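Q: Could you take me through one part of this model closely, namely how a pair of its helices pack together and what lies around them?

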Amino acid sequence: MSPGDEFIEQQVPLVHRALLPKPFSAAYAAVEDLVREVPFLQCPPAKLARGHLTAWAVDFAVSQMIESGSWTVEGYDWPWFAKPTGKYLRIFTKDAILTINQLPDTVHRPRYADFRENDGYSEQISLFPEEKNLGDKRRPHLLLLHGYHSLDFINIAMPNKEKYPVWLGMSKNVLQEIHDISVDLVPAEGPKTVSPGTIKEELKKKIHDNHG
C-alpha cells in the first residue's frame, strides 16, 4: 500500500466509506425525479447543466449525513470558489481537507482549481501536519469522486500536484468495495440518509435562489 493509500485509509476508513452509497443514490434519484417533474429541465440547454444539479444534490446529501452524526468528521463549511461564482462543500477530516468532485472516470483528475492544491502533502514528509486549524490550506487535500451522468463509482483520491502520476493514492470503488465489508464494520442502525424528496425540495430552492 502506498503512503497516499495509507493516508486515505486513515482519514476516510472503510467503515466511513461504506456510508456513502445511500446518500449518493438518494441525491441522484432526487435529480432524476426533479428533471421528470419540471419541464424546463428537459430542454437541451438545461440537460447540459444537469451536472450542476447533481453536484448540488450530492453536496447537500453529504452535508446532511454529517449533520445527522452518521459521518463523524472534524467539521465542514461552505467557502467560495477562488472566483466567487458559487460555494462548495469542504469537509475536514482529522488531518485533511476533502471536497466532492464529479468526473466521467478516474483516469483524469479534475481541471485545475486553487482549492485542489496539495502543498500540504509529500511522500517525504510527515502525513500529520502540526497545524490543526480547520481552514489551513496546507492540509493535504483529498477528493471524493463520483460519476458524472450516472453513479458508476465513488472513490476517495489524493491528487498529485505534478502531472504524473495523476493520483498519489486512491481507494477502491466504494460501490464494489462495500460488498466485501464484514457486517461488524457497518453500524447496526445504518446511516441516517436524507430522503430523495427532501433533496429535491432543496434543489428547487437552489434553482429559485440562482434564477429567481
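A: **The helix pair and its sheet**

Helix α3 (residues 21-37) and helix α5 (residues 50-67) pack with their axes 8 Å apart, at an angle of about 140 degrees. Happily, the terms are simple: helices (H or I, at least four residues) and strands (E, at least two) are DSSP runs numbered from the N terminus, while axes are lines fitted to C-alpha atoms, for helices over the stretch in contact, with angles from 0 to 180 degrees between N-to-C directions. That angle makes α3 oblique to α5, since under 35 degrees counts as roughly parallel, over 145 as roughly antiparallel, 65 to 115 as roughly perpendicular and the rest as oblique.

This is a predicted model, where local features need pLDDT of at least 70, side-chain atom pairs count only at pLDDT 80 or more, and totals for chains, interfaces and linings use all residues. Residues are numbered from 1 along each chain as its sequence is written, and side-chain values use heavy atoms, leaving out hydrogens and water.

On the α3 side, the contact (heavy atoms within 4.5 Å) includes Pro-23, Phe-24 and Tyr-28; on the α5 side, Leu-53, Val-58 and Met-65 are among the residues involved.

Helix α5 also packs on the sheet, touching β1, β2 (90-92), β3 (97-102) and β4, and its direction makes about 145 degrees with that of β3. That open sheet has 6 strands in the order β1-β2-β3-β4-β5-β6, with mixed pairing; two strands pair if DSSP finds at least two bridges between them. Its edge strands are β1 (75-77) and β6 (167-170), each pairing on one side only.
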